[in-house]
Amino acid sequence: MSSPNGPASGLPVRMPRPRQTGRHRRPEPAVAPEGAPALILAVPGTPSSAVRSLAEEVSFIARSELPGLDARIGYLDGADGEFPTLETVLAQTAAERVARYEQAKAAGREVAEPTGPTAVVVPLLAGPDASAEQRIQQAVKDSGTAAERTEVLGPHPLLAEGLHVRLSEAGLSRADRARLFTVATAADGIILVTVGGEEAVQAAGITGMLLAARLAVPVMAAALDVEGSVTAVAEQLRGSGSTQLALAPYLIGPEVADGLLDTAAKEAGCASAEALGAYPAVGKLVLSKYTGALGIVPQQPSQGAPVS
């Protein structure tokens, strides 16, 4: 037992580690520059407590990668109150920025007048969705602020990794512990489903090729919001020799209507993995879009941890 004066005799004492010097020292963790614009996550779909939890977890991952980051959430289909609209969050963020400047001036501090974007809006979308992106752009315009909007998160190798992990969690593939490459797979054909029409299908094909390289099975993209698209791709895969199909949602989650994935899986006659959700790489990619837009912290998301 420990005494009031320290640990009991014979117990090891944890001493602070000396700071390493030279070329082998660990890099100092990056922090958000003072006065940096807020990161606002633009969340599509119908707001709910589950959607909010997902968005908050993604924001938490981004903040943990860049301490001091002001990360907020705006909903495309929100309302003032529990789920604030993107336009409201943008306007509030800009107003707070001006207020801080005015308070600093009133206190007699020498501060530079705010310049540059008031916020950086990052769509919570894995792939392109013209309708959602147009609404985000309109919200930025209607807010009357100098916010900047980034592109969607994909395509990116980390999203292929996330898809692989979700398939593995559903028992539809198995991954090598060391390198995340398939040892054996329960599915011999993957339907990569997305929303956003044909443009989204074409963009998903890039990530699909990366996923196919991991699984060593054919992967074809289909649109959930195009009637007959999933069924047609399922027939094409079966026609080429695949017998055990699986759906891999190239989706974060909120952007797809409830029940649409289950319906597509039944129509295609196959099992489905979960959407990407708050997979750690999603938060890292959100931050990467933010830092890339501002050029403040050169950052490339690293490979995630392997799974079995």
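## Close-up views of a predicted model

Y75 and F83 are both buried. They appear in a predicted model, and the legends below visit this pair and several other spots, one view at a time.

**View 1. Two aromatic rings, Y75 and F83, meet edge-to-face.** A search of the whole structure turns up one aromatic pair. The ring centres of Y75 and F83 lie 5.3 Å apart and the ring planes stand at 85°, so the pair counts as edge-to-face. For an angle to earn that name it must be over 60 degrees. As you look at the two rings, remember that both residues are buried.

**View 2. The whole chain, as a setting for the close-ups.** Take a moment here to get your bearings. The protein chain has 308 residues, and 47% of them are buried. Its secondary structure comes to eight helices and eight strands. Of the contacts in the chain with a separation of 6 or more, 74% are between residues 24 or more positions apart.

**View 3. A salt bridge joins R72 and E96.** How many salt bridges does a search of the whole structure find? There are six, and this view shows one of them, in which the closest N and O atoms of R72 and E96 are 2.6 Å apart. R72 belongs to strand β2 (residues 71-75) and E96 to helix α2 (residues 86-106), so the bridge ties together parts that are 24 residues apart in sequence. Are the two partners buried or exposed? R72 has a relative accessible area of 18%, so R72 is buried; the cut-off for buried is under 20%. E96, with a relative accessible area of 27%, is partly exposed.

**View 4. R135 and D77 meet in a salt bridge.** The N to O distance between these side chains is 2.7 Å. Where do the partners sit along the chain? R135 is part of helix α3 (residues 130-143), while D77 is in the loop between β2 and α2, so this pair ties together parts 58 residues apart in sequence. Both ends of the bridge are partly exposed: R135 has a relative accessibility of 37%, and D77 has 38%.

**View 5. E133 and R149 form a salt bridge.** Here the closest N and O atoms are 3.4 Å apart. E133 lies in helix α3 and R149 in strand β4 (residues 148-149), so the pair ties together parts that are 16 residues apart in sequence. E133 counts as buried because its relative accessibility is 13%. R149, at 26%, counts as partly exposed. Elsewhere, salt bridges with shared partners join D70, R72 and E96 into one network.

**View 6. A cavity lined by ten named neighbours, from L125 to E255.** Rolling a probe the size of a water molecule over the atoms shows where empty space is left. The structure holds one cavity of 30 Å³ or more. How much space lies in the largest cavity? The answer is about 40 Å³. To find its lining in the model, look for L125, A126, G127, P128 and D129, then T194 and V195, and lastly Y250, L251 and E255. These lining residues divide into six nonpolar, two polar and two charged.

**View 7. G208 is buried in helix α5.** This helix spans residues 197-215. G208 has a relative accessibility of 5%, so G208 counts as buried. Which residues does G208 contact, leaving aside neighbours within four places in sequence? They are L192 and V219. The C-alpha atoms of G208 and M220 are 6.6 Å apart in space, and the two residues are 12 apart in sequence.

**View 8. S59 is buried in helix α1.** The helix covers residues 49-65. With 5% relative accessibility, S59 counts as buried. Not counting residues up to four places away in sequence, S59 touches L41, A71 and I73.

**View 9. E227 is an exposed loop residue.** Here is a stop in a loop: E227 lies between β6 (219-223) and α6 (229-239). Its relative accessibility is 84%, so E227 counts as exposed; the cut-off for exposed is over 50%. Try finding A264 in this view too: E227 and A264 are 37 residues apart along the chain, and their C-alpha atoms are separated by 10.0 Å.

Methods. Residues are numbered from 1 along each chain as its sequence is written. This is a predicted model: local features need pLDDT of at least 70, side-chain atom pairs count only at pLDDT 80 or more; totals for chains, interfaces and linings use all residues. Side-chain values use heavy atoms; hydrogens and water are left out. On a 1 Å grid over the protein atoms alone, a cavity is a set of points where a 1.4 Å probe fits but cannot get out, and a pocket is an open set with protein on both sides within 12 Å along at least five of seven lines; lining residues have an atom within 4 Å of a point. Grid points are joined across faces, edges and corners, and a volume is the space filled by probe spheres set on the points. Ala, Val, Leu, Ile, Met, Phe, Trp, Tyr, Cys and Pro count as nonpolar, Asp, Glu, Lys and Arg as charged, and the others, Gly among them, as polar. Rings of Phe, Tyr and Trp (its six-membered ring) pair if their centres lie within 6.5 Å; planes under 30 degrees apart count as stacked, over 60 as edge-to-face and the rest as tilted. Buried means under 20% relative accessible area, exposed over 50%, partly exposed in between (1.4 Å probe, protein chains only). A salt bridge is a side-chain nitrogen of Lys or Arg within 4 Å of a carboxyl oxygen of Asp or Glu. Helices (H or I, at least four residues) and strands (E, at least two) are DSSP runs, numbered from the N terminus. Contact means heavy atoms within 4.5 Å.
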